[in-house]
Structures are given as C-alpha cells and as structure tokens.
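Trainee: Please take a close look at one helix pair in this chain. I would like the geometry and the residues that meet.

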Amino acid sequence: MKLNKYKLGDLIEQRREKIDEIIVVKPNEKYHIGIPCIFHEITNLYCPGCGVTRMIFSILKLDFYQAFRYNPFIFILLILLIIYIAYIIICKILKKKYYKLNIKHLIIISAIAIIFMILRNIEYFSYLQPTKI
C-alpha cells in the first residue's frame, strides 16, 4: 500500500506539529484561547488568579520561568500541591500515617492569597503582575 507523496513518518510528524501548534505554541496569541478575569475586567485590579491560564500554557511548553512570571503565587502553590500529593501516595504505599491538611492551612493560604493580591496591585510591586503577552 502506497501513500501519496508522503511517507508515514512525515505524515505523523506533520500531525504532531499541528497538535503542538494548537495546544502548546502560543495558543493565546494564535487562537485567542483564554479565560478573561471578570474581577480584573470590572475593577482593573489583578486578583490572585490572574495569569493562571497563561501559566498553564507555559508549563505545557516547559517554560517554567515564564509560568512563574505569569503567576508566582499559584505556581509555588502548584509545586507544593504536587509534593504533598507525592507524600500522600508514598505514605499510602508504605502504609504509614500522613499529615492531613486542615482548616488552619486553608486560612493561611487564603491570607497569603489576599496579601499577594494587594501587593500585585501596588505600583512598587508591579513585577508580581502577570507579564504581558
């Protein structure tokens, strides 16, 4: 069975490039994929979650530096969450007790998020704002 002009490998590579273009390579610019922040649209202030969609796309491209620049708070929180999930899995495999998060932890995270939101809207801390595309 013969393929027109293309080898099977070339055809697969073309499809892979198209998928990369759609999913990974600057989807916000090319396809206008993104979730607008309603809080930012109404108040013109950055919330703790502003920049998360762009951060996720940067992580998919393995551009961790830019992902951190889009939203450092959520980026660090995501790393801590991954470490905590790995800790729970290891404890379950070894059949050991693990430390569970409680309401105090959520209150602390919420307080840090509020402080982060306030700081990223002060001109002196403008480096905490999501970078422009």
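Mentor: Here is the helix pair, followed by the chain around it.

This is a predicted model, where local features need pLDDT of at least 70, side-chain atom pairs count only at pLDDT 80 or more, and totals for chains, interfaces and linings use all residues. Residues are numbered from 1 along each chain as its sequence is written, and side-chain values use heavy atoms, with hydrogens and water left out.

Take helix α4 (residues 52–60) and helix α6 (residues 72–93). Helices here are DSSP runs of H or I, at least four residues, numbered from the N terminus. The two pack at an angle of about 55 degrees, their axes 10 Å apart. Axes are lines fitted to C-alpha atoms over the stretch in contact, and angles run from 0 to 180 degrees between N-to-C directions. That angle makes α4 oblique to α6. Oblique is what remains once under 35 degrees is roughly parallel, over 145 roughly antiparallel and 65 to 115 roughly perpendicular. The crossing of α4 and α6 is right-handed: the near helix is turned clockwise from the far one by less than a right angle.

Now the residues. From α4 come V52, M55 and I59; they meet I74, F75 and L78 of α6. Contact means heavy atoms within 4.5 Å. By class, this contact has six nonpolar residues, no polar and no charged ones. Nonpolar covers Ala, Val, Leu, Ile, Met, Phe, Trp, Tyr, Cys and Pro.

Next, the whole chain. It has seven helices and zero strands. Of its 133 residues, 22% are buried, meaning under 20% relative accessible area with a 1.4 Å probe, protein chains only.

How values were computed
Buried < 20%, exposed > 50% of the residue type's maximum accessible area, 1.4 Å probe, protein only.
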